[in-house]
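This briefing walks through the enclosed spaces, the cysteines and the strand pairing of one protein chain. Please keep the sequence and the model in view while reading the points that follow.

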Amino acid sequence: MTERGPAARGIDTSTPNVARIYDYLLGGKDNFAADRAAAQQLIAATPDIAGIVRDNRAFIGRAVRYLAGQGGIRQFLDLGAGLPTQLNVHEMARRVAPDARVVYVDSDPVVASHGQALLVRGEGVAMVCADLRKPEDILGDADVLRLLDPDQPVGVICASVLHFVPDEDEPHQIIAQYRDRMVPGSFLAISHGASATAEEDPGGVVGSFTSVYRQASAQLHVRSQAEIQRFFDGFELLEPGVVWMTEWRPDPGVPPTGQPRSLRAGVGRKP
Ligand SMILES: C[S@@+](CC[C@H](N)C(=O)[O-])C[C@H]1O[C@@H](n2cnc3c(N)ncnc32)[C@H](O)[C@@H]1O
């Protein structure tokens with residue numbers, strides 16, 4: 001191993017890492033053997049998991065397109081942004097609104113350093129290494145204050161991340177803190193791993209997922225439709241509400257690539 005190898009940089013490559021598992025499932029190269037082994041266990045439980053992950057990116061794309069278009073949003077806060085991928089939120093938003101500004105936030109230092117190298121290549125984009133469970137730190141961060149005007153509506157994206165926040169950390173209370181700082185006309189978009197009854201999930205896939213993540217850098221806490229919907233307290237939910245993510249305003253003629261009942265998703269507007 002060279003001096004610049006991952007261990008020398010303080011990166012734990014032996015524990016499956018949620019960002020790098022996701023990267024592997026998206027076809028990325030920023031992952032190690034332990035991440036790939038965990039991803040293979042997920043694939044064994046749900047062979048089309050890579051399709052589910054792509055469907056999640058597609059949901060983000062539809063939500064961002066709506067926010068930047070009809071929603072008139074010009075500034076975005078992407079919480080739990082993940083490793084840079086093929087089409088990132090600022091690229092999605094700028095297809096509609098070329099002046100859109102985006103702050104990416106991730107608690108994983110590897111994600112943050114890759115983001116700083118790959119995403120922050122021009123004006124109006126920043127990557128902040130921070131934990132979304134600390135809204136005050138994030139909203140007081142120098143890059144957030146530089147790029148996001150607190151007096152203007154903002155689009156907050158929480159895609160496939162809140163299920164890594166356990167109930168004891170009070171995720172609904174955390175989201176309420178962001179909501180209280182957002183001006184009217186702001187939006188919240190969420191996708192979230194969904195719990196399932198034995199009838200809905202006879203193969204026990206959700207349980208298999210949870211056990212794979214038990215060994216990983218963060219554990220999986222799937223939630224019911226009602227619990228996911230409660231994140232939107234104080235927001236007006238856009239039609240069709242909190243639904244399976246593939247059913248949230250699907251693009252005509254673009255079928256889901258994975259199992260349609262996996263994550264639930266919704267978008268709300270602060271009145
Ligand atoms: C499954 S990836 C989702 C990436 C992207 N949002 C998407 O949906 O394509 C989850 C990301 O959330 C990050 N994450 C997990 N817990 C976090 C926390 N408490 N604060 C900030 N980021 C977190 C992980 O490091 C990882 O990059």
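How do the residues of the lining of the largest cavity divide into nonpolar, polar and charged? They divide into five nonpolar, two polar and two charged residues, in a model that is predicted. The points below take up the cavities, a pocket, the cysteines and two sets of paired strands.

**Cavities**

- The count comes to two cavities of 30 Å³ or more; the largest has a volume of about 50 Å³, and the second largest holds about 40 Å³ of space.
- The largest cavity is lined by Ala 19, Tyr 22, Asp 23, Leu 26, Arg 57, Ala 81, Gly 82, Leu 83 and Thr 85, and the largest share of this lining, three residues, is supplied by helix 1, which spans residues 18-25.
- Around the second largest cavity the lining is made up of Arg 57, Asp 78, Ala 81, Gly 82, Leu 83, Thr 85, Asn 88, Val 89 and Tyr 104, a set that divides into four nonpolar, three polar and two charged residues.
- Arg 57 belongs to the lining of the largest cavity and also to that of the second largest cavity.

**The second largest pocket**

- The second largest pocket has a volume of about 560 Å³ and is lined by 22 residues, of which Arg 54, Arg 57, Ala 58, Gly 61 and Arg 62 lie nearest its centre.
- Helix 3 (49-68) and helix 4 (89-96) each supply at least two residues of this lining, and helix 3 gives the most, with eight residues.
- By class, the lining of the second largest pocket has ten nonpolar, five polar and seven charged residues.

**Cysteines**

- The count of disulfides is zero, and for Cys 129 the reason is distance, because its sulfur is 16 Å from the closest cysteine sulfur, in Cys 158, which is too far for a bond when the cut-off for a disulfide is 2.5 Å.
- Cys 129 is partly exposed, with a relative accessible area of 43%, whereas Cys 158 counts as buried, at 0% relative accessibility.

**Strands 2 and 3**

- Strand 3 (residues 125-129) is mostly covered, with four of its five residues buried, and strand 2 (residues 101-106) runs parallel to strand 3, joined to it by five bridges.
- The chain passes from strand 2 through helix 5 (residues 109-118) to strand 3, in a β-α-β crossover that is right-handed.
- Within this pairing, Val 103 stands opposite Ala 126 of strand 3.

**Strand 8 and its partners**

- Strand 8 (residues 263-269) is largely enclosed by the rest of the structure, because six of its seven residues are buried.
- Strand 5 (residues 187-193) pairs with strand 8 in the antiparallel sense over seven bridges, and Ser 191 has Ala 265 of strand 8 as its bridge partner.
- Strand 6 (residues 236-237) is joined to strand 8 by two bridges and runs antiparallel to it, with Glu 236 standing opposite Arg 269.
- Strand 7 (residues 243-244) likewise pairs with strand 8 in the antiparallel sense over two bridges, where Trp 244 has Arg 264 as its bridge partner.

Methods: Residues are numbered from 1 along each chain as its sequence is written. This is a predicted model: local features need pLDDT of at least 70, side-chain atom pairs count only at pLDDT 80 or more; totals for chains, interfaces and linings use all residues. Side-chain values use heavy atoms; hydrogens and water are left out. On a 1 Å grid over the protein atoms alone, a cavity is a set of points where a 1.4 Å probe fits but cannot get out, and a pocket is an open set with protein on both sides within 12 Å along at least five of seven lines; lining residues have an atom within 4 Å of a point. Grid points are joined across faces, edges and corners, and a volume is the space filled by probe spheres set on the points. Ala, Val, Leu, Ile, Met, Phe, Trp, Tyr, Cys and Pro count as nonpolar, Asp, Glu, Lys and Arg as charged, and the others, Gly among them, as polar. Buried means under 20% relative accessible area, exposed over 50%, partly exposed in between (1.4 Å probe, protein chains only). Two strands pair if DSSP finds at least two bridges between them. A crossover is right-handed if, with the strands pointing away from the viewer, the path from the first strand over the helix to the second runs clockwise.
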